[in-house]
Every structure is written in structure tokens, then in C-alpha cells.
Amino acid sequence: TMAEKGGYRHFMLKEIYEQPRAVADTIAGRLKDDEGDVYLEDLGLEAEELGRIRRIFIIACGTSWHAGLVGKFYIEKLARVPVEVDIASEFRYRDPIIGEGDLAVLISQSGETADTLAALREARAKGGKAVSICNVVDSSIARESDGVIYTHAGPEIGVASTKAFTTQLVALYLLALRLGRVRGTLSAEDCRRQVAELLSLPRKIETALELDSAIEEIARTFVSARDFLYLGRGNQYPIALEGALKLKEISYIHAEGYPAGEMKHGPIALIDENLPVVVLAPRNETYEKVVSNMEEVRARGGRVIAVATRADESLRRSCDALVELPETTDDLMPVLTSIPMQLIAYHVAVLKGTDVDQPRNLAKSVTVE
Ligand code: G6P
């Protein structure tokens, strides 16, 4: 009913709008400002153990795997520990080299995904430690891990994950900050600065949500496309993958996410006036390179939907539609660029008349192999 959905037309939309609160709740109580550190109540590992970790394996499925791909950037940058990111169903069958001194980080909204649970058991059986990032309290994965960081997103009903994803990014960021502090790669002062930015995120997500009706207009323009391409670089590449996945899941339009720099090695052959290309182009180190990717798309007749911050003239000239987000640090930008990814998919699906909350052939939680 409408009441269950808090007055929203779909659970997915309600959950998209719950993100400012979900993110705030995931941060709440976990910051130690006086010490410039982060407190993770159920992490289950002592500082000494965290200091000794040699390698980290992030393992997950679906949207949670995309969060893991962003997590690699966080942990390698802030804590300087090498990270591998695996799809759970691949990890368990490749006889992974994991053992003492290694940490597996399992990410699962439901905490019940069969492949992720099996990967957790495999990692522990081989002598690794395992912590999980889960949204469901006391779920199987949470219970079988050495420790857990709960995302406090609240129940997620829509099959397409939204608030669980952005809170997973926040949980991974908190973990990276904690690891960085313990391992001495992050000063208290730098940690404090990152924490201040974290605290400003909910407000910025609200600002991003104000773009909803503009994004609905964009969706209207591109709804009849048969395929979409999503491009991003660095920590925005996983968001391109996630944007493409969201669109596929609920609108049944084929979409592909690609690292922008790889476009010239294949996808560029697909570009014509029928292919909308969503380009993630926030201001960062690779901004100019991404803008030139946009120019390459346009030169071949492709239509560009740019997702940017502080868009300059050259970007404005190279796109057909522009979504302009508030600024945050490069690390936290993926949280903000996720919002238009969700809204584009949502509005395209609504316009196509598909079942947004219960897309065909998909399950919220896949408890069989
Ligand atoms: C299913 C859901 C996805 C989800 C994936 C992993 O495929 O439809 O939205 O990302 O499972 O689920 P998990 O609960 O482990 O995060």
C-alpha cells in the first residue's frame, strides 16, 4: 500500500529518499573526534591484529560487489594495504591464496547470499580472518564472521539496492579510516578532516535529491534507447557499473559500464546517435581526460548525459544533458554520483511501465547457488 511506502509510489523511491538518514545513521556513534579516530563497535579485531594484516580480500555479489570495488580505493589509499576484490561465486572456486595475516571483508545487504556465505567459510577455513558489512542484524554472514560493521540503512524492500549501497560505501570508508589510524598511514588531523566531510554528506545527498525532476526529464528524453553506456574512471568506474546494473535490473534496457579510458579499445565502435552515454565527470584528477572522452563520444554522434560538479565551459559544450552535483572530497564523491544513477534507472523504468520493486527474474536475496 501507499502507507507502507511512506506516500511514495514505490519502495525503491522511498529508499532512495531515505539515504540522507541512512547515511547519517551509519555514521552516528562511530566517530571519536577527540582522538581523530573511528569506533567500530563490533569489528571483532584488536588494533594489534588490524596492524598486522598483510592483504585484504573484499568479496561480494551484485551491487555489494560494486561497493567493494570502491572500497579498494579507500583502503589502499588511506591504509596502504593491498586489496583484491572478488565476486563471491568466483572466489570460492579458484582455490584462493588466502591464509593467516589476510583479512576477508564480506559485503552483503541481506547477509544471506549463498555464494558470499560460502566464500566467507572458505576464507576462514583457510586461516584468514573475516569481517562482514551487513545490513541485516544477526544474518548468517554477520553471525559467522569474526566481526561485523552494520550498515544502518533500515529494511530495504525494493529488489534494486539503493540505500544499502550508499551505506556500504560509508561503512567501507569508516573501515579504511580505522585501518589508516591503526597502521599509522593516516594522522589524527587528516582523519578529523575526512570525518567532517562525512558528516556533511547527508545534507549534500539531500541537495542531490533535489535534482529528481530534472533527472525525470532526462529519462523522458532517453527512454526509448535500446542500449546505454556508462563511463567513469577511478572510483567512479564502479559507479558506472552500478548505474548500468540499476538500469538493466529495473528497466530491462541493456546497459554496460566501462572504464572511460578503455572506451577506445572497444565500446567506441558502438557509438551512434542511438546510444546514450552517461559520463561520470566530477572535478578530480582525471576530469580533463573524462571531458575529452565525452568529446570523442559526441564527435561520433553519440548523446552524452554528464554527471558533474562545477561543470566548466568545455564540459557544457560536450554534453546533451547535465546533472550537476554538490562537491565533496574525491573519496566521497561516489556516494553522491550514485544518486543520479538510481534516479535515472527509476524514472526510465517508471516511464516504461515495468515493475520497479519486483523486476522479473530477480530476487532480493539469492540464497541458492
Ligand atoms: C541480489 C539482489 C541484488 C544484490 C545481490 C547481492 O542479486 O537482487 O540487489 O546486490 O543479490 O545481495 P546481498 O544481500 O548479498 O548484498
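This report describes a predicted protein model with a bound ligand, going from confidence to core, ligand shell and selected residues.

## Model and conventions

The model is predicted, and local features are given where pLDDT is at least 70, side-chain atom pairs count only at pLDDT 80 or more, and totals for chains, interfaces and linings use all residues. Residues are numbered from 1 along each chain as its sequence is written.

The average pLDDT of the protein (the predictor's confidence in each residue, from 0 to 100) is 96, and 100% of the residues score at least 70. The ipTM is 0.99 and the pTM is 0.98.

## Nonpolar core

The largest nonpolar core (a set of buried Ala, Val, Leu, Ile, Met, Phe, Trp, Tyr and Cys residues joined through C-beta atoms within 7 Å) has 125 residues, and V279 and A306 have the most contacts inside it. Helix α8, residues 163-182, contributes the most to this core, with 13 residues. Helices here are DSSP runs of H or I with at least four residues, strands are runs of E with at least two, and both are numbered from the N terminus.

Beyond its neighbours within four places in sequence, V279 is in contact (C-beta atoms, placed from the backbone, within 7 Å) with L231, A260, V290, N293, M294, V304, A306 and V307. In soluble globular proteins, nonpolar side chains tend to be buried together.

## Shell around the ligand

The ligand is surrounded by 15 residues (C-beta atom, placed from the backbone, within 6 Å of the molecule), and the closest are G62, T63, S108, S110 and T113. Helix α4, residues 62-79, supplies the largest share of this shell, three residues.

By class, the shell has four nonpolar, ten polar and one charged residues, where Ala, Val, Leu, Ile, Met, Phe, Trp, Tyr, Cys and Pro count as nonpolar, Asp, Glu, Lys and Arg as charged, and the others, Gly among them, as polar.

## Two strand residues

I58 is placed in strand β3, residues 55-60, and counts as buried because 26 other C-beta atoms lie within 10 Å; the cut-offs are 20 or more such atoms for buried, 12 or fewer for exposed, and partly exposed in between, with C-beta atoms placed from the backbone. Although I58 and L106 are 48 residues apart along the chain, their C-alpha atoms are separated by 5.9 Å. Outside the four places on either side in sequence, the contacts of I58 are G68, G71, K72, V83, V85, V105 and I107.

E256, by contrast, is in strand β9, residues 254-259, and is partly exposed, with 18 other C-beta atoms within 10 Å. Its C-alpha atom is 7.7 Å from that of L245, eleven residues away in sequence, and, with neighbours within four places left aside, E256 is in contact with L229, A244 and P267.

## Helix α15 and positive phi angles

Helix α15, residues 333-352, has 20 residues that should span 28 Å at 1.5 Å a residue, and its end C-alpha atoms are 29 Å apart, which agrees; the expected span is 1.5 Å times one less than the number of residues. Of the 20 residues of α15, 17 are buried, and the helix is followed by G353, whose phi is positive, near 80 degrees.

Two residues that are not glycine also have a positive phi of about 45 degrees, namely D95 and R310. D95 lies in the loop between α5 (88-91) and β5 (102-108) and is exposed, with 9 C-beta neighbours inside 10 Å. R310 lies in the loop between β11 (303-308) and α14 (313-317), and its 12 C-beta neighbours inside 10 Å make it count as exposed.

How values were computed: Two residues are in contact if their C-beta atoms, placed from the backbone, lie within 7 Å.
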